[in-house]
Amino acid sequence: MTDATTCPTAAPQAEAPPAARITGTEPETDAVTSARAAGARRPRRRATAVAEAVVGLVTGVGFLLWARSIDVNPLVRIGQVSGLAGLQLHAAVVAVPVLAVLLYVAHRAGPDRYRPALRLGCAVIAGLSTGLVAGGIAVALHGTPWGLGGQEGDPGNVMGMADDMIRGQGLPGVYPPLFPALLAVWAELFHGSHGAVAGVGFAMQDLQLLCTAVAGPLAYLAWRLLLRPFWALLIAAPAAVLFIDPIRPYSHSAMLVMVPLLAACLRDLRRAHRLPTRTAVRRAVAYGSAMGVVFLWYSGWFVWAAPGVLVLSGFSIPWRAGTARLRRTLLFLGVTVASAAVVGAPLLYQLVRFGATAKDRYAMITVYADPAYVMGWASDRAGTQTYHNWPVGGELAGQSAFTLLLLAAAALAIGLGSGGVLVRTVATVLVSSWLLRFWFAAQMERTQAVQLYPRTTWIIMYCLIVLAVLGLMLAVRRAAAWSRTLSRPGGGPATGRNLLAVRRVTAAGVCAIALFTAMAGSWSANRYMPTTASGVLDMGLDAWRAHVLKDATGQCPRYSPVATCAGVNQDLTARREASDDPALWCAGVPAAEWPVTCGRRAPWA
């Protein structure tokens, strides 16, 4: 990780220190001294980077484990509220001392103490951001060993894939195999005594909670490859809370990590000709392997980003810089692609084998709504929402003030940082996903296939949020540069006061992010609390399903809302291998409305 950003500014010329100007010290002596000082600082920076990663991950997982001690009845609304309040108290116990120390250091301590305090403080808040969401899901599932969804929906399908792997039946078609494989291994290691299918179901809860808890720290660490701690946290923590889907957290954590990973790789592609050959190869292998792992974790984001990234990669190669530079750049690119292909080979093979025949025909509220709306998401557990009343139109041509502010900040990023790799990468991913979204949507009636195009909503909105933060960052840096230009020459007391003010404002900004993530994390967890209203098909249905399945003893879970619970379905494969209906399946639509929504009668009508 580095504190440097890829948004380039003009590199200032190194100025000789005052002592050198007075005594006429030779430049070579200054260079040697600087090199020695840098070498002495390098181990300390590496240790701080490792500590930053460990602190973030431990905070997320540790908070989850602590939250599991909250003892409430999650099937009663008062119990849910008490559980959410208990989570806020737990979060305050962790965050308040950390933020207090950060504020004190920002006001009183020197830079050598402030910088590591800022890095570790940001790591703690990143861990709390999704640790709190995972803790909320733990409250919602309190008393049942099953994960969100029970054995139904997407969780049931993934559990069937894992069960197939346990029984040696190979990879799950074109579905990314890494999470089902991890689920299978986890079930055998920790829940093998409960039987194959039940063990996989119990393992699903563990991994849903664990993957949710680490999503924030992983996103923060990925952005730390490119940005300083505050800006990395400003992107990672709110985005992780907003986008993480605890039912299948692996998919969204892949998106959160993929964008900064692509930007970091393209940054090094542009400067590969300046790197030693061994360093270039080592970095290329690291980037390719990391992208291969993320591809196996969830591949959809790569599909939507691929056209734009390929075009941007072509423009990043210095075609006219000479044979030697071109050869080294192409070596970096080739090793990166080869490494990614080797690691991602299992899924690539399946895509080549089955890709043309894989059809997604599942439609839901986001398929019926205006396809140009990308500022929000409604799942197939839409409650009382329909495409007639969702999304709610904004003040200006249906666009809300939030949308206008987001677009303005994104425009600022493009205006001030269009020469930087980071802005270019994020903008390219956005445009690529936008075009493919409408490509699939425009063909939907003819092909009778959705092809998951509504999920591009997440990556488009993610890119807009990233661009908005980058726009704010670049504007602050431009203002700081103007301030330095107007200040007195030589950087006297005025410059020192400015730096102290920046430190104080940054620490206060971390406090504001912490408060936002506390409120947003509670909002996210609240959506998944078990449904208490009869007949309402909302996001709480998945937690409710987990409470109506028999546990390992064959009894109903502790807080089950029904007297007789369903038994464990021992054959999940049969449901997953149903024959393909060559027409859209319109979920959440009453039978009488199928003709005007889907263009055909409901199959059961």
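**Exercise 1. Classify the cysteines of the first pair.** State whether Cys565 is buried or exposed.

*Solution.* Cys565 has a relative accessibility of 6% and therefore counts as buried. The classes are as follows: buried means under 20% relative accessible area, exposed over 50%, and partly exposed in between, with a 1.4 Å probe and protein chains only. Cys556, at 25% relative accessibility, therefore counts as partly exposed.

Some conventions apply throughout. The model is predicted, so local features need pLDDT of at least 70 and side-chain atom pairs count only at pLDDT 80 or more, while totals for chains, interfaces and linings use all residues. Residues are numbered from 1 along each chain as its sequence is written, and side-chain values use heavy atoms, with hydrogens and water left out.

**Exercise 2. Describe the disulfides.** Determine how many disulfides there are and what handedness the link of Cys556 and Cys565 has.

*Solution.*
- Step 1. A disulfide is a pair of cysteine sulfur atoms within 2.5 Å. By this rule the count is two disulfides.
- Step 2. The sulfur atoms of Cys556 and Cys565 lie 2.2 Å apart, and the two residues form a disulfide. The torsion about their S-S bond is about 130°, so this disulfide is right-handed.
- Step 3. Cys586 is joined to Cys598 by a disulfide with an S to S distance of 1.1 Å. This pair links distant parts of the chain, 12 residues apart: Cys586 belongs to strand E2 (residues 585-586), and Cys598 to the segment after helix H22 (594-597). Helices (H or I, at least four residues) and strands (E, at least two) are DSSP runs, numbered from the N terminus.
- Step 4. The torsion about the S-S bond of Cys586 and Cys598 is -110°, and the link is left-handed. Both Cys586 and Cys598 are buried.
- Step 5. When the bonded cysteines of the chain are numbered in sequence order, the pairing reads 1-2, 3-4.

**Exercise 3. Examine the salt bridges of Arg167.** Identify which residues form a salt bridge with Arg167.

*Solution.*
- Step 1. Side chains of opposite charge can pair when their charged atoms come close. A salt bridge is a side-chain nitrogen of Lys or Arg within 4 Å of a carboxyl oxygen of Asp or Glu. The structure holds 13 salt bridges.
- Step 2. Arg167 forms a salt bridge with Asp163, with the closest N and O atoms 3.2 Å apart. Arg167 also forms one with Asp164, where the closest N and O atoms are 2.8 Å apart.
- Step 3. Arg167 is partly exposed at 45% relative accessibility, whereas Asp163 is buried at 6%. Asp164 is likewise buried, at 9%.

**Exercise 4. Trace a network.** Name the residues linked in a network of salt bridges.

*Solution.* The network consists of Asp154, Asp245, Arg248 and Arg455. Within this network, the side chains of Asp245 and Arg248 meet in a salt bridge at 3.6 Å, N to O. Asp245 and Arg248 are both buried.

**Exercise 5. Check a helix.** Compare the expected span of helix H4 (residues 111-140) with the distance between its end C-alpha atoms.

*Solution.*
- Step 1. The expected span of a helix is 1.5 Å times one less than its number of residues.
- Step 2. Helix H4 has 30 residues and should therefore span 44 Å; its end C-alpha atoms are 43 Å apart, which agrees.
- Step 3. Of the 30 residues of H4, 24 are buried, so the helix is largely enclosed by the rest of the structure.
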